[in-house]
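Reader: I'd like a close look at one part of this protein, the aromatic packing around a helix. Could you walk me through that part and then show me how the rest fits around it?

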Amino acid sequence: MGKKTKKGNGLNYKQTFLIGFGFMACMLMWSVYNSYVPVIFRAKLTELTDGGAKLPAFLSVALLVNAIMTIDNIFGVVFQPYFGKKSDKTFTKWGKRMPYIIICLPICALFFSLIPVAATIKATALSVVLMMTVIIFFNFTMSVWRSPVVSLMPDFTPSSLQSDANAVINIMGGIGQMVGFVIGTIATTLVGLLGFTALHDALKAKANSLGQILEVGADGKPVVEYVSGFDPSKYKDTVENFIESGRDTLYINGEKVAEKVVKLGANGEPSYVNYTPVFVVAAIVTILCLLILMIFYKRNKQNDLSKDVRIESEDGGKDKKVKIKELPISKEERKSLLTMLAALFLINNATEAIVPNFTNFALDTLGVKPIYSTLMMAVFAVSLAVFGIPAGVMGRKLGRKRTIIVGLAVIVTMFIVYITVSQVFETNRLFVWITLWIALVVGGAAVGCININTLPLVLAIGGREYVGTFTGYYYTATFSAAITGPILCGWLIGLFHEDYNFMFLFCAIFFAIGLVVITQVKHGESKPEDEEWIKEAVEAAED
């Protein structure tokens, strides 16, 4: 059961599962990085720029943070393809891919764990410089081993079985992502059990936007200092909402009337949250994943199907690049392709804007620390993953374009509902919370309808002969959006005085425009006989 038969016509699930530990390590680090780095950098840049006052008018802290969070996408576009090709031509006793993974994964994990360490340096400017240096090296080393680790599965799996194998690898990646989302809770528990009481308390403590720990009263709520002459009883609901929120200062009619009190240490200086345990625990788990992968490879390297395959040509036999105007397709199909790529760019601007901003949104608007708000992101991710198969079935039965439109319509509706509820029922926090949880679950399913069906729709326009070319067009649109989305969203948030609620407005607008654009796509629905090659092409592209 699950193992290869003597004829070799069955997938070795155990082998594929063990290969998946490499991808699991990768996804674990990314989920932690995308959740905590925006919060850490925002605190540092806010302190360095006096809340953005020292920045030019066209810049803001939110914009700078989001720009920093695009480094991984830029490095991915520039370096990952290069090292992927380089590993194709590498031949050692550890195979093609493993030298890159064995050498660079531990270095990557080291730089990863140093990110919060650099943030603990008191000299803010020096701290920011060191953080940027560490982050650049982390992203570079990640780019070196990410493509090789993804290529391990095809190296060990015959092409006829790669469909099933890819599902196993994606499950392992999903597990890594889920572990990353809960690693904050795990790290907090561990430091408590090991007796690091101060660190444990700091991780669980309420903090302001600078990462400074707040004084908390007997009721567990932050202590608030009011300006002279202000009577909080006259604004009971407003004050209570402020205390429960993640905001540091309360303004009424443009005047500062209250401020949360920062806890001071023995030296008279503010105490800060230190996320080092979260990153260190995550780094240790990734090293354990590497050890499992190394043991597996040492015992099973004879099953590496690519060990004797040498690529002589520079292009590796891949499709040559073809300009859109040179494609042998009709004028109408060319128009559909360009329209679909425009829609993809718009849609991915919205999806990519959520990742670097959600933890800061939760901290500001809901008063929820990153170690807990990541659990909310986990709910969204689980909903997306669970709805993956139904979304694929809907695409084949209902039509891919219609399924994407349904997904877009649902998620735009959920954004509008949440924005409305959060503004109209601002004082009813329970209602706002319930609405947000519903939006996360339904939104995850809606994004699943979109993500699962966009690439097959693009490939179907081009046909089987131009799979490589159209896959390239697809990733050009999505990678471009991964760079512009966070930057544009950060600019909007900064424009409205660092109000992270505008993240939802940004996403709703881009999803809505994408919805309008995609209705103009007139081609891309495949015939039943095309489903097999489209499925194979999608899996190859995701590898």
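Author: Here is a walk through the aromatic packing, followed by a few words on the wider structure.

A word on ground rules: this is a predicted model, where local features need pLDDT of at least 70, side-chain atom pairs count only at pLDDT 80 or more, and totals for chains, interfaces and linings use all residues. Residues are numbered from 1 along each chain as its sequence is written, and side-chain values use heavy atoms, with hydrogens and water left out.

Let's start with the rings. Rings of Phe, Tyr and Trp (the six-membered one for Trp) pair if their centres lie within 6.5 Å; planes under 30 degrees apart count as stacked, over 60 as edge-to-face and the rest as tilted. The count by this rule is 28 aromatic pairs. Take Tyr36 and Phe279: their ring centres are 6.1 Å apart and the planes stand at 70 degrees, so this pair is edge-to-face. Tyr36 belongs to helix H1 (residues 13-48) and Phe279 to helix H9 (residues 276-300), so the pair ties together parts that are 243 residues apart in sequence. Helices here are DSSP runs of H or I with at least four residues, strands are runs of E with at least two, and both are numbered from the N terminus.

Are these two rings buried or exposed? Buried means under 20% relative accessible area, exposed over 50%, and partly exposed in between, using a 1.4 Å probe and protein chains only. Tyr36 has 0% relative accessibility, so it counts as buried, and Phe279, at 0% too, is buried as well. Both sit in a cluster linked by ring pairs, made up of Trp30, Tyr33, Tyr36, Phe112, Phe138, Tyr275 and Phe279.

Helix H1 also holds Asn34. With 16% relative accessibility, Asn34 counts as buried. Contact means heavy atoms within 4.5 Å; leaving aside neighbours within four places in sequence, Asn34 touches Met69, Val355 and Pro356.

Another ring has a charge for company: the charged end of Lys260 sits over the ring of Phe242, 4.9 Å from its centre. That label needs NZ of Lys or CZ of Arg within 6 Å of the ring centre and within 35 degrees of the ring normal.

Now zoom out. The protein has 18 helices and three strands, and 52% of its 543 residues count as buried. Among contacts with a separation of 6 or more, 78% come from residues 24 or more positions apart.
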